[in-house]
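Hello,

I'm passing a structure on to you, with some notes on what turned up in it. Please have a look at it first and then read on.

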Amino acid sequence: MIKSEKPTIFRSEGETLKVTFLVFSGSSIMCVASAVDPLRAANRISGETLFDFKLVSVTGEAPVTTCGLPVAVSGRFDGAEPTDMLVVVAGFGTQNYATSALLAGLRRAARAARACGGVEAGTWLVARAGLLEGRSATTHWEDMEDFSAAFPGVDVRPDRYVIDGPFFTSGGASPTFDLMLHLIRTRLGMAAALDVASVFIYDQARAATDAQPLVSLGRLDGYDPRLAQAIRLMEAHVDEPLTIDAVAKRAGVTARTLESIFRKSIGETPGAYYLRLRLSAARRLVVDTRIAMADIAGRTGFSSAAAFSRAFSRAFGEAPVRLRRG
């Protein structure tokens, strides 16, 4: 990091991150969703507004995506309005939006923000504002050659996404989802990122006939394959939990090794993760269904409704009955 640069947002922090998505007509709806929805899911899972995000456009009107669907925005982009993270999402027709006023606004916003970047063709606008000069960046693979020619001062890489100091760039929808999972993982921990990936059943390539996993490992950096195997065992035995010794044995390691793997990869013990996995499954049933609490307790491996209620209250700060009423 250059000495004068602000601390990266990609680090462990508990405070809310304010995020502004500047969306242009011609964007892919998948790029918009991949940028926004992981943060929305992180907020829902945590029960807190850890990512305070909003969508804006240049005119304040709803930009129309390539599939014809408009994206609701809260207003017009204002480069002077404070934000921690500015994400420029663009697609076809980007050259039509690169006015001097917009580029000046991007520069002003980037100076004040802690991070600024582009999704797919949004990289072009960030580069045209002069913000990527001397930086590493990426864009959609179809535009890589043209982008390199247009911005010789940018180190263009064929990566899925690139983070260089306070600037980040992403090549498309799936890489943007990866980027947001990376943001969640670095700020909130591996377990939170796993939970968000699970919401979307986001995993490495699988056949359509494979069972949908409760926990999707996604393309998260450097997880141990024994971790994946252990988590698969846990998710397959939510209603009748295995002992940690049994999980370790089936994963081909000792209980002590399994604990070391979990602490290194996720930052908690296998037992704590297993309990949280079961409670997360229970919370979804409490919030999204009308199933009786005793039945939820049984489905998530608790010996009684009372034991379930106590564990739930410790984890989420309120009893499941109160959460459902709220």
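Ala90 has its bridge partner in strand S4, namely Glu120. This is a predicted model, so please read everything below in that light. The pairing between S3 and S4 is parallel and runs over six bridges. Between these two strands comes helix H2 (residues 100-112), and S3, H2 and S4 together form a right-handed β-α-β unit.

S4 also pairs with strand S8 (residues 167-170), again in parallel, through four bridges. Here Val119 has Ser170 in S8 as its bridge partner. S4 is mostly covered, with six of its six residues buried.

Now to the interior. The largest nonpolar core has 35 residues, and those touching the most other members are Phe21, Leu39, Phe51, Met85, Val87 and Leu183. Several elements each supply at least two residues of this core, among them strand S1 (17-23), helix H1 (29-46), strand S2 (51-56) and helix H6 (190-199). Leu39 is a good place to start looking: beyond its neighbours within four places in sequence, Leu39 is in contact with Val19, Phe21, Phe51, Phe53, Met180, Leu183 and Ile184. There is also a second, separate core of 28 residues, which includes Val88, Val126, Ala127 and Phe167.

Helix H5 is mostly covered as well, since 13 of its 16 residues are buried. From first C-alpha to last H5 reaches 22 Å, close to the 22 Å expected at 1.5 Å a residue. Just after H5, Gly189 takes a positive phi of about 110°.

Finally, the charged pairs. How many salt bridges does the structure hold? There are 13. In one of them, Lys54 and Glu81 meet at 2.4 Å, N to O. That pair links distant parts of the chain, as Lys54 is in strand S2 and Glu81 in the loop between S2 and S3, 27 residues apart. Lys54 counts as partly exposed because its relative accessibility is 23%, and Glu81 is partly exposed too, at 32%.

Glu235 and Arg232 form another salt bridge, at 3.4 Å from N to O. These two are three residues apart in helix H7 (residues 225-236), so about one helical turn separates them. Is Glu235 buried or exposed? Glu235 is buried, because its relative accessible area is 16%, and Arg232, at 19%, also counts as buried. Elsewhere, salt bridges with shared partners join Arg11, Glu13, Arg114 and Arg187 into one network.

Enjoy exploring it!

Best wishes

Definitions and conventions:
Residues are numbered from 1 along each chain as its sequence is written. This is a predicted model: local features need pLDDT of at least 70, side-chain atom pairs count only at pLDDT 80 or more; totals for chains, interfaces and linings use all residues. Side-chain values use heavy atoms; hydrogens and water are left out. A nonpolar core is a set of buried Ala, Val, Leu, Ile, Met, Phe, Trp, Tyr and Cys residues joined through side-chain atoms within 4.5 Å. Buried means under 20% relative accessible area, exposed over 50%, partly exposed in between (1.4 Å probe, protein chains only). Contact means heavy atoms within 4.5 Å. Two strands pair if DSSP finds at least two bridges between them. A crossover is right-handed if, with the strands pointing away from the viewer, the path from the first strand over the helix to the second runs clockwise. The expected span of a helix is 1.5 Å times one less than its number of residues. A salt bridge is a side-chain nitrogen of Lys or Arg within 4 Å of a carboxyl oxygen of Asp or Glu.
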